[in-house]
Amino acid sequence: MSTLEQKPAALKTGDNQTVPALEAAGISKTFRSKRSRLQVLDDVTLTVGKGEFVSILGPSGSGKSTLFHIIGGLVKPDAGSISMNGADVTGQQGHISYMPQQPALFPWRTIEDNVLLSQEVQGKVDREARENARRWLGKVGLGGFEKNHPHTLSGGMQQRAAFLRALLSPQELMCLDEPFSALDALTRSDMQRWLLDIWEESRRSVLFITHNIEEALLLSSRIYVFSSRPAAVLHEIDVPFQRPRREDIIEHPDFIRLRRELSGWLREEQLKMQGAT
Ligand SMILES: Nc1ncnc2c1ncn2[C@@H]1O[C@H](COP(=O)(O)OP(=O)(O)OP(=O)(O)O)[C@@H](O)[C@H]1O
Ligand SMILES: [Mg+2]
């Protein structure tokens, strides 16, 4: 089919094997306390190819953010491993650019200094980096708020600042956990457009959690659909639209078919979760 896009460029090693930017292999996790145990992830395996944009869709409470915590080395899995570019990084921090679900801005730093945090940790804040951050703050509607502290910003503005921090972090893999959930429809659509444009230009590797099916179809090359808790990979779909993508793909018959299919799967899993609680 002519609209089918090419598979992402993969990194080739000397022995000619394809090495993904990220591989989560056989990840299982159960949270235990004295009185209870809750299995959250059940043998989850997924990959993000180098320069690929991959999304995860799954019911609320299924274990998506927990998987990100494991990828980022904040939580230890009971089983399985995390590899980046072929190297085992299970339990290690600092390898990914990460935007958590709750925008974790440091309250004592200004917005500009929050945005520059990851570059600062890596010793890379010079005048050019600061000018770049200011330019971006203006672009996402935060011009004039550079010297504000986070508590003086709305939830949506904080989310945009946290998104910028992830975007400007130097690590190759970006893990974004529902980055646009607190934004109104118009701002969300602007942010999606920016992310799409930047990604199409820079081809960073992205793993993206969202509840929004249209957003996943618009942005991603592949989508993993997670089951209800404990989360397992239920479906993996290729999104067959050429890039650069335009907003009018939402009228494409394949888009409409995929949207219907995905929303049917998600509704089914959501009902299972509600039945279980
Ligand atoms: N540190 C923890 N200790 C105990 N239970 C936890 C911990 N972190 C998460 N959980 C539980 O694990 C389950 C999955 O949580 P998680 O945040 O991964 O879900 P999610 O898929 O990201 O949901 P949402 O879409 O609502 O963000 C939830 O029932 C949550 O209560
Ligand atoms: Mg979550």
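The following is an exchange between a student and the author about a predicted model.

Reader: How do you know which residue, chain or ligand a label refers to, and which parts of the predicted model count?
Author: Residues are numbered from 1 along each chain as its sequence is written, while chains are lettered from A and ligands numbered from 1 in the order in which they are written. Because the model is predicted, local features need pLDDT of at least 70 and side-chain atom pairs count only at pLDDT 80 or more, whereas totals for chains, interfaces and linings use all residues.

Reader: Why is Phe 208 called buried?
Author: A residue is buried if 20 or more other C-beta atoms, placed from the backbone, lie within 10 Å of its own; 12 or fewer make it exposed, and anything in between partly exposed. Phe 208 has 25 C-beta neighbours inside 10 Å, so it counts as buried. Phe 208 is in strand 10 (residues 205–209).

Reader: What does Phe 208 touch?
Author: Contact is defined by C-beta atoms, placed from the backbone, that lie within 7 Å of each other. Not counting residues up to four places away in sequence, Phe 208 touches Phe 53, Val 54, Ser 55, Leu 176, Leu 219 and Ser 220.

Reader: What makes helix 1 a largely enclosed helix?
Author: Helices are DSSP runs of H or I with at least four residues, strands are runs of E with at least two, and both are numbered from the N terminus. Helix 1 covers residues 64–71, and 6 of its 8 residues are buried, so it is largely enclosed by the rest of the structure. The buried ones are Lys 64, Thr 66, Leu 67, Phe 68, Ile 70 and Ile 71. After helix 1 comes Gly 73, with a positive phi near 80°.

Reader: Which residues are around ligand 1?
Author: A residue is near a molecule if its C-beta atom, placed from the backbone, lies within 6 Å of it. For ligand 1 these residues are Phe 31, Leu 38, Val 40, Gly 58, Ser 60, Gly 61, Ser 62, Gly 63, Lys 64, Ser 65, Thr 66 and Gln 101. Strand 4 (37–48) and helix 1 are the elements that give two or more residues to this shell. Helix 1 gives the most, with 3 residues.

Reader: How many residues of each class are in the shell around ligand 1?
Author: Ala, Val, Leu, Ile, Met, Phe, Trp, Tyr, Cys and Pro count as nonpolar, Asp, Glu, Lys and Arg as charged, and the others, Gly among them, as polar. The shell has 3 nonpolar, 8 polar and 1 charged residues.

Reader: What makes a set of residues a nonpolar core, and which members of the largest one touch the most others?
Author: A nonpolar core is a set of buried Ala, Val, Leu, Ile, Met, Phe, Trp, Tyr and Cys residues joined through C-beta atoms within 7 Å. The largest has 62 residues, of which Ile 71, Leu 173 and Cys 175 touch the most other members. Helix 5 (residues 155–168) supplies the largest share, 7 residues. At least three residues of this core come from each of domain 1 (11–96 + 172–276) and domain 2 (101–170). These bounds come from an automatic or database domain assignment.

Reader: How many residues of domain 1 and domain 2 are in contact?
Author: 12 residues of domain 1 are in contact with 7 residues of domain 2. By class, the domain 1 side has 7 nonpolar, 2 polar and 3 charged residues.

Reader: Why do strand 4 and strand 7 count as edge strands?
Author: Two strands pair if DSSP finds at least two bridges between them. An open sheet of 4 strands has the order 4-3-6-7, with antiparallel pairing. Strand 4 and strand 7 (87–88) each have a single partner strand, so one side of each is left without a neighbour in the sheet. Strand 6 (residues 79–84) and strand 7 are joined by 2 bridges.

Reader: What makes Glu 178 and the bond from Arg 229 to Pro 230 worth listing?
Author: Most residues other than glycine have a negative phi, and most peptide bonds are trans. Glu 178 is not a glycine, yet its phi is positive, about 45°. With 19 C-beta neighbours inside 10 Å, Glu 178 counts as partly exposed. The peptide bond from Arg 229 to Pro 230 is cis, with omega near -5°. Pro 230 is in the loop between strand 11 and strand 12.

Notes:
Two residues are in contact if their C-beta atoms, placed from the backbone, lie within 7 Å.
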